[in-house]
Amino acid sequence: MATIQLKSDAIFELLQRFLETDEGIAVKNKINLVYQFNLAPEKIGKDEVSYTIDLKKGEVIKGPYQGGKTDATFTLRDEDFVKLADGKLNPQGVLKVKGSLSAAQKFTPDIFPKRPKL
């Protein structure tokens with residue numbers, strides 16, 4: 001099976017680098033939760049790619065979370081994730097959430113480093 005390239009792959013790479021900075025470490029320490037994202041290239045439920053954002057350890061992993069249960073799991077389309085990361089999307093209605101709602105509400109666009117406008 002071919003590896004699916006997502007538009008959001010670059011955002012996760014940026015997030016990993018951000019979490020290694022002082023500002024990123026402060027975000028990690030403040031939130032201290034584990035999130036999993038299941039991203040669909042086209043349609044939710046088909047060819048989903050998982051990413052784990054571990055804000056306990058400060059790392060981003062391509063793949064499902066291996067350490068037990070996540071605090072919250074989000075399922076959405078790749079292009080909606082990109083808009084969400086840029087703060088240009090209201091997550092109501094486009095995001096499926098499993099797990100703790102209070103943990104899910106702590107995951108805001110502020111977590112993402114600001115990307116340069118191209």
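**Salt bridges, aromatic core and helix packing**

The side chains of Glu79 and Arg77 meet in a salt bridge, with 2.8 Å from N to O. This contact belongs to a predicted model, as do the features described below. Arg77 also engages Asp80, the closest N and O atoms of that salt bridge being 3.4 Å apart. Arg77, Glu79 and Asp80 are thereby linked in a network of salt bridges. The members of the network are placed as follows: Glu79 is partly exposed, with a relative accessible area of 31%, and Arg77 is likewise partly exposed at 29%. Asp80, by contrast, is buried, its relative accessible area being 8%.

The structure holds four salt bridges. Another of them joins Lys62 to Asp9, with the closest N and O atoms 3.6 Å apart. Lys62 lies in strand E3 (residues 59–62) and Asp9 in helix H1, so this pair ties together parts that are 53 residues apart in sequence. Lys62 is partly exposed, with a relative accessible area of 44%, whereas Asp9 counts as buried at 7% relative accessibility.

Lys28, in helix H2 (residues 22–31), presents a contrasting case. Lys28 is buried yet has no salt bridge. The nearest side chain of opposite charge is that of Asp54, 7.8 Å away; a salt bridge would require a side-chain nitrogen within 4 Å of a carboxyl oxygen, so this separation does not qualify. The side chain of Lys28 instead reaches the backbone oxygen of Lys56 at 3.4 Å. Leaving aside residues up to four places away in sequence, Lys28 touches Leu55, Lys56, Lys57 and Gly58.

Attention turns next to the nonpolar interior. In soluble globular proteins, nonpolar side chains tend to be buried together. The largest nonpolar core of the model has 30 residues, of which Tyr35 and Phe37 touch the most other members. The elements that give two or more residues to this core are helix H1 (9–18), H2, strand E1 (34–40), strand E2 (49–54), strand E4 (72–77), helix H3 (78–85) and helix H4 (101–105). The surroundings of Phe37 can be listed individually: beyond residues up to four places away in sequence, Phe37 touches Phe12, Val49, Ser50, Tyr51, Ile53, Phe74, Leu76, Phe81 and Phe107.

Aromatic rings were examined separately. A search of the whole structure finds eleven aromatic pairs. In one of these, the rings of Phe107 and Phe112 have their centres 5.5 Å apart and their planes at 75°, so the pair is edge-to-face. Both partners are buried: Phe107 has a relative accessible area of 10%, and Phe112 has a relative accessibility of 4%. Ring pairs link Phe107 and Phe112 with Phe12, Tyr35, Phe37, Tyr51, Phe74 and Phe81 into a cluster. Tyr35 and Phe37, the residues that touch the most other members of the core, are thus also part of this ring cluster.

The packing of two helices was then considered. In H1, the buried residues are Asp9, Ile11, Phe12, Leu15, Gln16 and Phe18. Asp9, the salt-bridge partner of Lys62, and Phe12, a member of the ring cluster, are both in this set. The buried residues of H1 pack against H2, E1, E2, E3 and H3.

Helix H3 is largely enclosed by the rest of the structure, because six of its eight residues are buried. These are Asp78, Asp80, Phe81, Val82, Leu84 and Ala85. The buried residues of H3 pack against H1, E1 and E4. Asp80 takes part in the salt-bridge network, while Phe81 belongs to the ring cluster.

Beyond the end of H3, the chain enters a loop. Gly87, just after H3, takes a positive phi of about 75°. Pro91 lies in the loop between H3 and strand E5 (96–99). At 32% relative accessibility, Pro91 counts as partly exposed. Although Pro91 and Asp80 are eleven residues apart along the chain, their C-alpha atoms are separated by 8.5 Å.

Note on methods
Residues numbered from 1 in each chain as written. Predicted model: local features only at pLDDT ≥ 70, side-chain atom pairs only at ≥ 80, totals over all residues. Heavy atoms only, no water. Helix = DSSP H or I, 4+ residues; strand = E, 2+ residues; numbered from the N terminus. Buried < 20%, exposed > 50% of the residue type's maximum accessible area, 1.4 Å probe, protein only. Lys, Arg positive; Asp, Glu negative; His and termini not counted. Polar contact = N/O pair within 3.5 Å; in protein donor to acceptor, adjacent residues only side chain to side chain. Contact = heavy atoms within 4.5 Å. Core = buried A, V, L, I, M, F, W, Y, C linked by side-chain atoms within 4.5 Å. Phe/Tyr/Trp six-rings, centres within 6.5 Å; stacked < 30°, edge-to-face > 60°.
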